[in-house]
Amino acid sequence: MSRMHEIEQRLSMIREKHRHVVYLTTEDRDILPAVFEEMAELLKSFVTDKKQELMLQNISGDCFYPVVRANHILEDAYEAFDLKERNYIKNEFFSEREEPGRMFRAVSPSFFLLNDFHILRETAASHFLKQFLSAAAREEQEQGRFLILFLVSPILRCPKGFEGEIEVIDVPEMDQGDVEDFLSAQAVREYGAGLGSASIDSVEKKRIVEAARDLRGISKKGILEILADLRAEYGSFFGRTADGSGTEKNLRHIVESRKRLVAELKKKEARYDSTVTMIEPQEAAVEGLKEFLCWIDDIKEEFLDEEKAFRFGNKPPKGVLLTGIPGSGKTQAAKQVAFRMGGLEGNVPLVQFRMDNLLGGLVGDSEANFKRCRKRIEALSPCIVLLDEIEKTFDTEGKSSSNDVKMNILTALLDWMQENERQIFFFATSNSVVHLKPELLRDGRFDMRFCVFMPTHDELVEIFRLHMEHANRRANGRLFQDADYRETARSFLSKITEYAREKEKNMFFTGANVENLITQANRDLKRQAEKKRSPRPYRQEEYLEALLCAAKGKYCQPYGVTNRKDIVEFWLSAYKNQYTNAASLDLFPFTAYDEEACAFRKQDLIKPEHDYDAYLFERISAEISKAHKERKES
């Protein structure tokens, strides 16, 4: 059901329900002109003044709103009632005065509009509604006139005691179909203005669908601004030139400009709303997540084409939970997933939903903000919703009132995930398995739960290669001389493992550790170059030595050294909840662990090919066994 059809269906019943107040919850502040245009015939039936009925009889939908405004049939309630002065009812709107032989009214509006109702204080809003409803009931009883007050607001804030008097319509944001219909109407008007023709052929219809895909999730006002800019520059927003030709070159420029304008508008809107922000999908190099990415490739068709899922008796996938130690590339994985889902067309946006920014200062604000953001996200479908570090959002330590609000939001989120029938894929990340709410882990919330443990030797080699390539690119190729990045990484891991064994240290690195290590090595080389005054590309052995010096220095703090206990706790918690390992090489398989003996069964383990992996297993498995025994004994 389209958004306008739903509004019309609800409006058609308000007279039978004796509802004089219609509350439209939407971010579209200019929705009322569209409502009056689409529902002109229905709204005419509410006008009972014979003179007004005659005036409106032959008024078409696209002229209806301007006509009722010009003739004071529709009044702005904020101005009409002097709300800013708290004079909530002006007598001339509802008072009669006698003249010989007749009674008449100075002004007789049937409709009133009040935008941004949520900004009124509850006391003022209550007084205003009480007086309006009283006047409307009197007018209906004595004069047979049915008055309607349209309240428009991005969030629902209904004064207590008036819930039964108000018809609340939660207006969906424009989805792909709504945007296509709106753009088609704009195209017809564009044709009428330039060509005297209202026909749209199949090629042009395809262009309009492509434009709608770009403009999905943007307000109607924002869409109109972009269309105006495109028309001013090219004469058309979808490829039709003034003479009707529409060359390929012209079309290419229009598409490029449209995407640029959309990106600029989304950045602008992000400055004002820190809750729902757009992230650019990237073909990011993500290492250590091979099994996870293979699963994404398997389910993406079912996500993008639900008919394929239904054909084999499945439902489209709802989402995934990726938990792992900090610095393991979980957020980068979300960008990679969005890129894979959307392909080269990039038509699956990545939306970060920052739920910690939902919390409002007044009772009900947080829940209202959640509903508003949910509508915005649903309008962007198909899309991927990133819930980053979800365990922190629902941390219940602190004041009890804050806890109650967080639990209400969690309940709303879980209901949304459970009931979601749109093409929305929830991508949740977590740094901790221990602090995740049990409600999130129940079947039906996520299709799969993956965990990311410490990177192994081959994964670290690729991570080193990636960051060294980026560093050399930033230096315009002047950092390394004929460097073999992978060989440098292998040599580093071999030598640092020898050092770690000698010192009995847990020199185990995450992806974030590697990036920081390369930065430190580059700074050391910079200081040396400034002393010698002879900057030049470095040979492989020189850079390897710089990496080793940085790793052994006081500023290098590998995760294995600083967070040994966290690594162990993470594995034990993941084992308890039976997560699926996201990596292709699993040094610590859950299936090889003997819970009774608190030890790994050697016959079920994979023999490590590299000394780094062997030392990693040796040190961490011993810590896991020790911690598990202490738990059992306590």
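# Notebook: helices, cavities and a pocket in one chain

I began with contacts between residues at least 6 apart in sequence, and 78% of them join residues at least 24 apart. The model is a predicted one. I counted 27 helices and 16 strands in the chain. Of the 634 residues, 49% are buried.

**Entry: α1 against α3**

I looked up how helix α1, residues 3–11, sits against helix α3, residues 31–38. The two pack at an angle of about 70°, and their axes are 11 Å apart. Angles of 65 to 115 degrees count as roughly perpendicular, so α1 is roughly perpendicular to α3. From α1, the residues in the contact are R3, M4, I7 and L11. From α3 they are I31, A34, V35 and E38. I sorted the contact by class and got 6 nonpolar and 2 charged residues, with no polar ones.

**Entry: α6**

Which residues of α6 are buried? In this helix, residues 61–70, I noted F64, Y65, V67 and V68 as buried. An α-helix has 3.6 residues a turn, so residues three or four places apart point the same way. I then looked up what covers the buried residues of α6, and the cover includes helices α3, α4 (40–44) and α5 (50–56). Strands β2 (74–76) and β5 (111–115) are also part of that cover. After α6 comes H72, with a positive phi near 60°.

**Entry: other positive phi values**

Most residues other than glycine have a negative phi. I therefore wrote down two more residues that have a positive one although they are not glycine: H18, at about 55°, and E389, near 50°. H18 is in the loop that runs between α2 (14–17) and β1 (21–25). E389 is in the loop between β11 (383–387) and α18 (390–393). Is E389 buried or partly exposed? Its relative accessibility is 27%, so E389 counts as partly exposed.

**Entry: two charged residues in α17**

I picked K375 and E378, and found K375 in helix α17 and E378 in α17 as well. K375 has 8% relative accessibility and therefore counts as buried. E378, at 14%, counts as buried too, because the cut-off is under 20%.

What does K375 touch, leaving out residues up to four places away in sequence? I listed T25, T26, D170, V171, P172 and E173. K375 and V171 are 204 residues apart along the chain, and I read 8.5 Å between their C-alpha atoms. For E378, with residues up to four places away again not counted, the list is W416, R422 and I424.

**Entry: the second largest pocket**

I looked up the second largest pocket and found about 910 Å³ of space in it. It is lined by 30 residues, and E27, S219, E269, R372 and R376 are the closest to its centre. The elements that give two or more residues to this lining are α12 (220–234), α13 and α17 (365–379). By class, I noted 15 charged, 8 nonpolar and 7 polar residues in the lining.

**Entry: cavities**

How many cavities of 30 Å³ or more does the structure hold? I found 2.

The largest cavity has a volume of about 120 Å³. Its lining has 10 residues, and those nearest the centre are K266, E269, V276, M278 and R376. Two elements give two or more residues to this lining: α13 (248–270) and β8 (276–279). I split the lining by class into 5 nonpolar, 2 polar and 3 charged residues. E269 and R376 are among the residues nearest the centre of this cavity, and I had also listed E269 and R376 among those closest to the centre of the second largest pocket.

The second largest cavity has a volume of about 50 Å³. I wrote down its lining as C451, F453, F570, W571, A574, N581, D586, F588 and F590. Helix α26, residues 564–577, gives the most to this lining, with 3 residues. By class, the lining has 7 nonpolar residues, 1 polar and 1 charged.

Key:
Residues numbered from 1 in each chain as written. Predicted model: local features only at pLDDT ≥ 70, side-chain atom pairs only at ≥ 80, totals over all residues. Heavy atoms only, no water. Axes fitted to C-alpha atoms, helices over the stretch in contact; angles between N-to-C directions. Helix = DSSP H or I, 4+ residues; strand = E, 2+ residues; numbered from the N terminus. Parallel < 35°, antiparallel > 145°, perpendicular 65-115°, else oblique. Contact = heavy atoms within 4.5 Å. Nonpolar A, V, L, I, M, F, W, Y, C, P; charged D, E, K, R; others polar. 1 Å grid on protein atoms, 1.4 Å probe; cavity = no way out; pocket = protein on both sides within 12 Å on 5 of 7 lines; lining within 4 Å. Points joined across faces, edges and corners; volume = space filled by probe spheres on them. Buried < 20%, exposed > 50% of the residue type's maximum accessible area, 1.4 Å probe, protein only.
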